Amino acid sequence: MLFDMDGVLVDSIPQIEQSLRHWASKHNLDADHVVELSHGRRDQDVVQLAAPFLDVEEEVRLIQEHDVSEAAKICAKRGAVEFVNSLPSNAWAVVTSGSRAVAEARLRAAGIGTPPVLVSADDISVGKPDPEGYLSAARQVGVSPANCVVFEDAPAGAAAARVAGMQVVGVAGTVSNECLDCDHVVSGLNNVTAVYTESAISLHFTGTCLLPGDPEL
């Protein structure tokens, strides 16, 4: 099981949006557009898309310094701590568009801790919707992409997982459900239970919102 972080494991979307709106205001940019661009994307990709005329490296440094300083205010998404604690350490990983420093700070604040496999923006050359991050996590965990299930809240992340050949469970709340190309949508990880057999992990859902025409997972 491969988890996006922001909006899936940690309740950081309001803080991210506030930070980006402040950044956009400083540079007279359309804040709504910047926020829309940000979902599932690395900071460097957001800055490059929204304001390529700026010093991208310097702007990213400032954004990430602010995010680390504010990370202590972050809490876990509903059910996230309990769900990941129910999993064997070799059965899950985090794939985030955030930097490693930001990811570790937010996970620590949420009481989740850093998993053995954490693929951050620092570890890849191309961000979501490119599948590089998810494919890297699958290799490190030692599982084929076809046997991976990704939990995502953003279209760019869901697209990355699809291109990687993985199944996708959408976590509602960041964007409308219709924007997510996924097999199931859950309101939170409190609606997911993992059941183990000798050869597989079976996921059971409660309170799911299944998109029309979607297959069983």
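This is a guided tour of the helix contacts, enclosed spaces and backbone details in a predicted model.

**Helices α2 and α3**

Begin by selecting α2 (31-38) together with α3 (residues 43-50), and orient the view so that both axes can be followed. The axes of these two helices, α2 and α3, come within 9 Å and cross at roughly 140 degrees. Angles over 145 degrees would count as roughly antiparallel, and α2 and α3 are therefore oblique to each other. Their crossing is right-handed, and if you now show side chains, the contact is made by Val34, Leu37 and Ser38 from α2 and by Val46, Leu49 and Ala50 from α3. Sorted by class, this contact of α2 with α3 comprises 5 nonpolar residues, 1 polar residue and no charged ones.

**Helices α3 and α4**

Keep α3 selected and add helix α4 (residues 56-70), which packs with α3 at an angle of about 130 degrees, the axes lying 9 Å apart. This pair, α3 and α4, is therefore oblique as well, and the crossing of α3 and α4 is right-handed. On the α3 side the residues to display are Asp43, Gln44, Val47 and Gln48, while α4 contributes Val56, Glu59, Val60, Ile63, Gln64 and Asp67. The class make-up of the contact of α3 with α4 is 4 nonpolar, 3 polar and 3 charged residues.

**The largest cavity**

Next, turn on a display of internal voids; the structure holds 2 cavities of 30 Å³ or more. The largest cavity contains about 290 Å³ of space, and to centre the view there, select Asp6, Ile16, Ser38, Arg41 and Asp43, which lie nearest its centre among the 23 residues that line it. Elements that give two or more residues to this lining are α1 (13-26), α3, α4 and α6 (100-110), with α1 giving the most, at 4 residues. Colouring by class shows 7 nonpolar, 8 polar and 8 charged residues in the lining of the largest cavity. Two of the residues at this stop have already appeared on the tour, since Ser38 belongs to the contact of α2 with α3 and Asp43 to the contact of α3 with α4.

**The second largest cavity and a cis peptide**

Now move to the second largest cavity, whose volume is about 60 Å³. To outline it, select Arg42, Val95, Thr96, Ser97, Ile124, Val126, Gly127, Lys128, Asp130, Gly133 and Tyr134, a lining that divides into 4 nonpolar, 4 polar and 3 charged residues. From Lys128, one of these lining residues, step along the backbone to proline 129: the peptide bond joining lysine 128 and proline 129 is cis, with omega about 15 degrees. Proline 129 is found in the loop between β3 (118-119) and α7.

**The largest pocket**

Follow the chain onward to α7 (132-141), which, like β8 (201-205), supplies at least two residues of the lining of the largest pocket. That pocket holds about 450 Å³ of space, and the residues closest to its centre, out of 19 in the lining, are Met1, Asn147, Val149, Ala200 and Ile201. The element giving the most to this lining is α7, with 3 residues. By class, the lining of the largest pocket has 15 nonpolar and 4 polar residues, and no charged ones.

**A last backbone stop**

Finish by selecting asparagine 28 in the loop between α1 and α2. Although asparagine 28 is not a glycine, its phi is positive, at about 55 degrees.

Terms used:
Residues numbered from 1 in each chain as written. Predicted model: local features only at pLDDT ≥ 70, side-chain atom pairs only at ≥ 80, totals over all residues. Heavy atoms only, no water. 1 Å grid on protein atoms, 1.4 Å probe; cavity = no way out; pocket = protein on both sides within 12 Å on 5 of 7 lines; lining within 4 Å. Points joined across faces, edges and corners; volume = space filled by probe spheres on them. Nonpolar A, V, L, I, M, F, W, Y, C, P; charged D, E, K, R; others polar. Axes fitted to C-alpha atoms, helices over the stretch in contact; angles between N-to-C directions. Parallel < 35°, antiparallel > 145°, perpendicular 65-115°, else oblique. Left-handed = near helix turned anticlockwise from the far one by under 90°. Contact = heavy atoms within 4.5 Å.
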